[in-house]
Amino acid sequence: MTQPPDGTLEFDLGRTALVLLDYQNYNVHPDGYWASVDPGLVERVAPALRRTAEALAAARKAGVRVVHVQNAWREGHPDINPHAPWQADAKAAGRSTEGSWGIEFFQPLMPASSELIVRKRAVSGFAGTDLDRLLRLHDVSTVVIAGIITNFAAEGTARDASDRGYRVVVLGDCCESITDEMHAFALTQILPTIGEVVGLKEFAHAVSRS
């Protein structure tokens, strides 16, 4: 993990938001779509899910704003980009449609009634959504990102957030990808050039004393 220049991670809690990306049944549940395609997925993502639940609990205790970003398409997938292979594949599989069990949030990371929910139809949590407007309405200047997949939703949202002028912090050990190489490349080669990559322990400690 990369650390701030002085080694001390600090947050202005009132201007920080924890943004959780794609922790949905189709993505991480043992009975979800991806588990049926890749049987090893459940074991692979389990540690990241446990740490994400701890990060969520720490954020809630500290009063950090939480935003849950949910990926879903309309029935029949008229809103996919047919030129993007991953979206074309989703349409072919008929997955992740509004109203389905698959798009519901994974139970251990279910949003609280006071937390914001944003629905997206692309990689970045900002693309075509009101995430940026909501963050600015609440005077958020720092986004703390965790998501599945590391080099997809998490990286894509981090890039977008950086371009929009936010301070970006990525909880690296709360993310996971489909291979070790993809996960490591995003965390060591891409995300450190966009913001700060830290672990759950650093984040929990920082918000507890801010």
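**Exercise 1. Determine which residues leucine 56 touches, leaving out residues up to four places away in sequence, and establish whether leucine 56 is buried or exposed.**

Solution.
Step 1. The model is a predicted one. In this model, the residues that leucine 56 touches are Leu18, Leu20, Val66, His68, Leu109 and Glu115, once those up to four places away in sequence are not counted.
Step 2. Leucine 56 itself belongs to helix H3, which covers residues 41-62.
Step 3. Two of the partners, Leu18 and Leu20, lie on one side of strand S1. Strand S1 comprises residues 16-21.
Step 4. A residue counts as buried when its relative accessible area is under 20%. Leucine 56 has 1% relative accessibility and therefore counts as buried.
Step 5. For a sense of distance, the C-alpha atoms of leucine 56 and alanine 122 are separated by 24 Å, and the two residues are 66 positions apart along the chain.

**Exercise 2. State how many of the residues of strand S1 are buried, and identify the strands with which S1 pairs.**

Solution.
Step 1. In strand S1, six of the six residues are buried, so the strand is largely enclosed by the rest of the structure.
Step 2. In a regular strand, side chains alternate between the two faces of the sheet.
Step 3. On one side of S1 are Thr16, Leu18 and Leu20, and on the other are Ala17, Val19 and Leu21; all are buried, and both faces are thus covered.
Step 4. S1 pairs with strand S4, residues 142-147, in the parallel sense over six bridges. Within this pairing, alanine 17 has valine 143 of S4 as its bridge partner.
Step 5. S1 also pairs in the parallel sense with strand S2, residues 65-71, over five bridges. Here the bridge partner of leucine 18 is valine 66 of S2. Valine 66 is also among the residues touched by leucine 56.

**Exercise 3. Describe the surroundings of threonine 142 and find the strand, in addition to S1, with which S4 pairs.**

Solution.
Step 1. Threonine 142 is located in strand S4.
Step 2. With a relative accessible area of 5%, threonine 142 is buried.
Step 3. Apart from neighbours within four places in sequence, its contacts are Phe11, Arg15, Thr16, Ala17, Arg167 and Val169. Of these, Thr16 and Ala17 belong to the faces of S1 described above.
Step 4. S4 pairs with S5 in the parallel sense over four bridges. Valine 144 has valine 169 of S5 as its bridge partner.
Step 5. Strand S5 spans residues 167-171; four of its five residues are buried, so S5 is largely enclosed by the rest of the structure.

**Exercise 4. Give the order of helices and strands along the protein, and explain why it may be called as compact as a globular protein of its length.**

Solution.
Step 1. The secondary structure consists of eight helices and six strands. Their order along the sequence is β-α-α-α-β-α-β-α-β-α-β-α-β-α.
Step 2. The radius of gyration is 16 Å, close to the 17 Å that the globule rule gives for 210 residues, so the protein is as compact as a globular protein of that length.
Step 3. Along the principal axes, the C-alpha atoms fill a box of roughly 50 × 35 × 30 Å.
Step 4. Of the 210 residues, 51% count as buried. Among contacts with a separation of 6 or more, 78% join residues 24 or more positions apart.
Step 5. The exposed area is about 9,700 Å², of which carbon and sulfur atoms supply 51%.
Step 6. There are 20 positive and 26 negative side chains, and the centres of these two sets lie 4 Å apart.

Note on methods
Residues numbered from 1 in each chain as written. Predicted model: local features only at pLDDT ≥ 70, side-chain atom pairs only at ≥ 80, totals over all residues. Heavy atoms only, no water. Rg over C-alpha atoms; globule rule 2.2 N^0.38 Å. Buried < 20%, exposed > 50% of the residue type's maximum accessible area, 1.4 Å probe, protein only. Contact = heavy atoms within 4.5 Å. Areas by Shrake-Rupley, 256 points an atom, 1.4 Å probe, with all protein chains shown as cover. Lys, Arg positive; Asp, Glu negative; His and termini not counted. Charge placed at Lys NZ, Arg CZ, Asp CG, Glu CD. Pairing = 2+ DSSP bridges.
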